[in-house]
Amino acid sequence: QPNLAVTSSTTTPQPQSPQWSRYVDTDLPGNDFEKFALNAASHYMCEVECQKSDKCKAYVYVSPGIQGVYARCWLKDAVPLQKMPVKGVTSAIRIR
């Protein structure tokens, strides 16, 4: 039987960043101002790029194999009103 106190004290859950409202398997179509391929499959890379620009209000991360071999980011200059269910896509809206 595992020692739960030791297990829980050594495993710290990572809370979701308070700056973002994330939507798994959801696309936010439209309002793109920049798009690019990623050299690693991580939506956090899109988040970092979006944070660099005051213009960026939201982003969409597309997993590898959906729009080509590499993962892709779509940065948004306005929050799209529509949300569409799309498997393998993570969207996030910046909360100020």
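1. A word on terms before we start: helices here are DSSP runs of H or I with at least four residues, strands are runs of E with at least two, and both are numbered from the N terminus. With that in hand, the chain reads α-β-β-α-β-β-β along the sequence, which comes to 2 helices and 5 strands. Please keep in mind that this is a predicted model.

2. The sheet is a good place to begin. It is open, has 5 strands in the order E1-E5-E3-E4-E2, and its pairing is antiparallel. Strand E1 (20-27) and strand E2 (32-37) form the edges, each pairing on one side only. From one strand to the next, the twist averages 20°.

3. Do have a look at the E2 side of the sheet. E2 and strand E4 (residues 72-76) run antiparallel and are joined by 5 bridges. Here you will find Lys35 opposite Trp74 in E4.

4. Next, the helix on the sheet. Helix H2 (residues 43-51) packs there and touches E1, E2, strand E3 (58-62), E4 and strand E5 (84-94). The direction of H2 makes about 155° with that of E3.

5. Some figures for the whole chain may be handy too. Among contacts between residues at least 6 apart in sequence, 70% join residues at least 24 apart. Of the 96 residues, 31% count as buried. The accessible surface comes to about 6,200 Å², and carbon and sulfur atoms account for 56% of that surface.

Definitions and conventions: Residues are numbered from 1 along each chain as its sequence is written. This is a predicted model: local features need pLDDT of at least 70, side-chain atom pairs count only at pLDDT 80 or more; totals for chains, interfaces and linings use all residues. Side-chain values use heavy atoms; hydrogens and water are left out. Two strands pair if DSSP finds at least two bridges between them. Axes are lines fitted to C-alpha atoms, for helices over the stretch in contact, and angles run from 0 to 180 degrees between N-to-C directions. Contact means heavy atoms within 4.5 Å. Buried means under 20% relative accessible area, exposed over 50%, partly exposed in between (1.4 Å probe, protein chains only). Accessible areas come from the Shrake-Rupley method with a 1.4 Å probe; for residues, only the protein chains shown count as cover.
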